[in-house]
Amino acid sequence: MKVLLSWLSEFADFERADPSLSSGAPTEELISKLVDGMNNLGLVVEGVEWVGRDLDDVYVAKVLEVDAIPKADKIRRVLADVGALGEIQVVCGAFNFGVGDFVPYAAIGAKLPNGVEIRAAKMRGTDSFGMLCSPTELKLGAESGGLMLLDQSLKPGEKLADALGIVPDVLFDLAIEANRPDANSVIGVARDLAAWFDLEFRAPAARPHGQDLHKDAALELSVIEDPSICDRFLLATFSNMSSCKVASFVGTRLELCGMRSINPVVDASNYVMLELGQPTHPYDRSRLDGGVVSVRRARVAEALVTLDGTVRTLGVGDSVTDVVITDGSDSPVGLAGIMGGESSEISSDTDSVLLELAHFDSKTIARSSKRLQLRSEASARFERGVDPELPRLALQRFAELLGVEPDSVYEATPYNHAETEILVRPARLALYLGRDFSAGEISNLISPIGFKVEERDGIFLVTVPSFRPDCSIEEDVIEEIARHFGYANIERRYLTSPKVGRLTTEQRSRRSIRAFGRDAGYFEAWGPSMVGPGEHSPFGITGEGVELDNPLAVEESVLRRSLLPGLVRALSFNAGRRISPVRLFEFGKVFEPGVTDEGLPFESERVGFLATDAEDASLEVVHTLRRLVALLRVGPALFDTPDHHSVGESVMAWPKLHPTRSNSVFIGGRLVGVIGELDPDTVTVLTAGNVKDRVGYFELDLDEIFALEPKSDSATPVTSFPSSDVDMAFLVDYQYDAQTVADAIMASVGDLCESVTLFDSYSSAALGDGIRSLAFTVRLSSLSKTLTDAEIQQVISIVSEDLNHRFGATLRSA
């Protein structure tokens with residue numbers, strides 16, 4: 001919401017917010033204090049703009065001639081009468097004016113509020129001595145559909161600021177929250193701000209109309225079908241309105257606050273809405289059948305042409321139907337609380353006006369506005385809540401602006417406001433704000449904003465003003481006390497709960513993996529979880545995936561079953577831009593057909609690492625994997641084919657990599673991933689030949705890894721003596737997996753064993769049916785000495801005998 005300082009100052013002397021201010025003109029210091037006050041009150045200031053300055057060389061001009069310029073269809077020659085400055089020729093690109101119109105003229109040398117400095121120029125061979133101005137160029141309006149058209153009663157040559165009564169002003173752009181309906185008006189902002197600075201607030205009061213009002217029988221035919229949707233409906237009639245005028249400041253203020261100036265009647269209506277927060281709607285009474293309006297719910301599929309020229313179909317698709325304003329023949333002439341109808345629109349020739357001032361149910365208006373996708377300034381206010389006591393005051397203000405009195409006034413429904421009273425417990429107030437408050441203190445804080453406070457039996461009875469429908473419970477009142485006490489004055493309190501929030505083990509592990517990838521020189525990638533139907537097949541993943549019922553495109557119609565398709569797509573993108581080497585990693589979910597107990601497809605969380613290398617990419621990813629497993633403390637990782645391991649009841653698919661340079665990854669006997677190089681032919685096809693290096697890749701199932709018990713993170717003593725590596729190859733039956741054999745070797749060696757690493761798995765007909773060779777590197781070390789050859793041979797003998805006893809394995813000779 002936009003609001004002007006001069007408008008606010010009609011309700012309180014805000015220059016007194018800065019005691020050092022000696023003149024009436026606003027200063028930067030004053031504006032800074034006002035902004036701080038608004039922000040402290042929750043009326044967040046999103047922008048501050050000075051207006052009405054730098055207009056000294058802008059004058060009122062009357063257009064005398066408008067001529068086309070040869071070979072120029074976007075500019076015209078204009079001759080304007082600028083009073084004592086004479087008749088001046090200007091080239092202008094606007095087309096919303098003609099001969100006889102009055103417009104602003106900026107003389108040569110003028111520096112406009114938007115920063116433009118005016119100089120003489122020649123355009124298409126035509127001299128231009130100055131510029132005719134739009135509202136935005138003068139910062140006197142938010143919209144610019146051409147030149148600013150002035151009232152033709154003004155005098156050519158008069159300074160624009162003097163003619164329009166413009167003084168330097170400040171425009172505040174406020175973000176009003178939904179729970180502050182009162183602040184959707186100038187008077188609401190002024191009331192709050194005056195209380196904050198302890199200034200006297202000049203609240204307008206409705207006065208009774210004169211005794212010359214006559215009874216209008218037609219108005220008494222107005223009917224309110226359902227008081228629950230409209231509990232107040234005030235009508236007033238006016239005659240001889242075609243000659244009415246409003247002061248020039250009305251249109252100027254509307255334009256600055258983002259509303260177009262249309263005609264005096266509509267401008268007065270909009271002005272009242274912005275000033276008081278009460279939407280009103282004027283009808284051309286001569287275009288109303290019966291000269292009266294009523295309120296009812298819309299009938300199914302009833303049509304209405306609104307002021308924007310759109311045909312609206314009402315009463316459809318909502319359990320609470322739309323509400324319409326109808327004329328004497330029961331035909332819709334307006335959409336209640338949202339927008340009027342085109343059939344009874346006010347024009348410059350309108351002489352007889354019927355003004356509607358109503359109070360509608362906020363939920364009904366909100367639902368209707370949302371369903372019709374039609375939001376207006378009026379609906380925005382009714383949705384949040386409008387003061388039901390406003391109609392009489394709004395009618396009075398409307399009449400004052402136009403300098404008229406209503407011919408007749410009729411209240412279609414009897415109305416009595418029921419005050420809301422809320423009990424506030426002192427202990428509850430102290431609990432929230434950290435200190436005790438007396439009834440006097442509370443009254444000093446919130447009575448200036450309309451609340452009444454009374455102490456009864458040690459409890460505060462607070463009466464809520466009618467313009468605060470948002471206050472309905474004890475906490476609402478406490479919030480108002482806190483606002484005007486000052487949030488900065490409330491003592492800070494810190495959580496002292498023994499249950500301090502922390503990251504889960506899985507969350508910490510994900511962060512560790514992400515940091516590891518970054519530190520290892522990899523970039524994190526993000527790939528879509530939806531891929532094309534054929535993107536899995538190059539990696540050996542066959543069968544049907546989980547298809548979407550309503551994909552946006554065929555290329556994103558299947559949920560991914562591996563992270564590899566997305567990472568290869570990213571590889572191709574980078575390689576196409578000559579980026580090499582490429583190192584990427586990604587977290588993400590993968591999905592498989594089937595139904596879990598929750599009725600959803602199977603899914604698991606994975607992480608994938610991809611790297612390119614001109615010589616040996618598999619070595620790069622193997623080293624990366626080993627470091628990652630060590631970081632997570634779940635290793636060691638063994639590489640083997642899944643045929644020799646129990647993989648449980650896993651239904652998740654894994655990509656197939658190079659047939660001879662890849663393997664599965666096992667930890668603790670669990671299949672947790674795959675590792676190796678991608679087939680070069682596959683890479684060439686998928687990257688259009690842009691990748692020449694070898695591509696290494698591993699993908700891990702994080703759900704499986706997180707299920708493993710992390711090893712102790714206690715430090716292992718480091719020996720000061722050299723270690724010895726011993727390679728041992730055993731012929732083992734296929735029924736025994738490599739992990740089991742490695743565990744047995746480590747147990748046999750005991751304290752001297754530093755690590756056991758599988759480096760080869762081999763089978764052939766020469767070895768015999770069901771037999772394969774498993775080769776391990778065993779690292780031996782002692783904390784107290786360097787091992788001798790005899791001691792190493794003794795270890796080999798012990799391991800050989802133990803594995804022969806356990807598995808029937810035999811040590812292969814060199």
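The following paragraphs describe the overall form of the protein chain and then a selection of its local features.

The model is a predicted one. Its protein chain contains 19 helices and 36 strands. The radius of gyration is 41 Å, well over the 28 Å that the globule rule gives for 814 residues, so the chain is more spread out than a compact globule. Measured out along the principal axes, the C-alpha trace spans about 125 × 85 × 65 Å. Of the 814 residues, 49% are buried. Among contacts with a separation of 6 or more, 71% involve residues 24 or more positions apart. The exposed area of the chain amounts to about 39500 Å², of which carbon and sulfur atoms supply 49%. With regard to charge, the chain carries 78 positive and 122 negative side chains. The centres of these two sets lie 2 Å apart.An open sheet is formed by seven strands in the order 24-27-28-32-31-30-29, with mixed pairing. Strand 24 (523-524) and strand 29 (637-640) stand at the edges of this sheet, and each has a single partner strand, so one side of each is left without a neighbour in the sheet. At one of these edges, strand 29 pairs with strand 30 (residues 662-667) in the antiparallel sense, over four bridges. Within this part of the sheet, Asp640 stands opposite Ser664 of strand 30.

Strand 28 (residues 602-613) has nine of its twelve residues buried and is therefore largely enclosed by the rest of the structure. Its pairing with strand 27 (residues 583-592) is antiparallel and extends over ten bridges. Here Phe587 has Val607 of strand 28 as its bridge partner. Strand 28 is also joined to strand 32 (residues 694-701) by eight bridges, and these two strands likewise run antiparallel. In this second pairing, Val695 of strand 32 is the bridge partner of Thr612. In a regular strand, side chains alternate between the two faces of the sheet.

The segment that precedes strand 27 was also examined. Helix 14 (residues 564-575) includes Ser572. Ser572 counts as buried because its relative accessibility is 19%, the cut-off for burial being under 20%. Apart from neighbours within four places in sequence, Ser572 is in contact with Leu686 and Thr687. The loop between helix 14 and strand 27 contains Pro581. The peptide bond that leads from Ser580 to Pro581 is cis, and its omega is near -5°.

Helix 5 (residues 248-256) is another enclosed element. Seven of its nine residues are buried, so helix 5 is largely enclosed by the rest of the structure. The buried positions are Val250, Gly251, Thr252, Arg253, Leu254, Glu255 and Leu256. Both helices and strands contribute to the cover over these residues: it includes strand 1 (2-4), strand 2 (44-51) and strand 10 (169-175), together with helix 1 (5-8), helix 6 (264-276) and helix 9 (391-402). After helix 5 comes Gly258, which has a positive phi near 95°.

Helix 7 (residues 362-372) holds Ala366. Its relative accessibility of 28% places Ala366 in the partly exposed class, which lies between the limits of 20% and 50%. Ala366 and Gly337 are 29 residues apart along the chain, and their C-alpha atoms are separated by 9.4 Å.

Positive phi values also occur in two aspartates. For Asp198, a residue other than glycine, phi is near 55°. Asp198 is located in the loop that connects helix 4 (186-196) with strand 11 (230-238). A relative accessible area of 67% makes Asp198 exposed. Asp457 likewise has a positive phi, of about 55°, although it is not a glycine. The position of Asp457 is in the loop between strand 22 (452-456) and strand 23 (459-464). Asp457 is exposed, its relative accessible area being 80%. Both values can be set against the cut-off for exposure, which is over 50%.

How values were computed: Residues are numbered from 1 along each chain as its sequence is written. This is a predicted model: local features need pLDDT of at least 70, side-chain atom pairs count only at pLDDT 80 or more; totals for chains, interfaces and linings use all residues. Side-chain values use heavy atoms; hydrogens and water are left out. The radius of gyration is taken over C-alpha atoms; the globule rule is 2.2 Å times the number of residues to the power 0.38. Buried means under 20% relative accessible area, exposed over 50%, partly exposed in between (1.4 Å probe, protein chains only). Contact means heavy atoms within 4.5 Å. Accessible areas come from the Shrake-Rupley method with a 1.4 Å probe; for residues, only the protein chains shown count as cover. Lys and Arg count as positive and Asp and Glu as negative; His and the chain ends are not counted. The place of a charge is taken as NZ of Lys, CZ of Arg, CG of Asp or CD of Glu. Two strands pair if DSSP finds at least two bridges between them.
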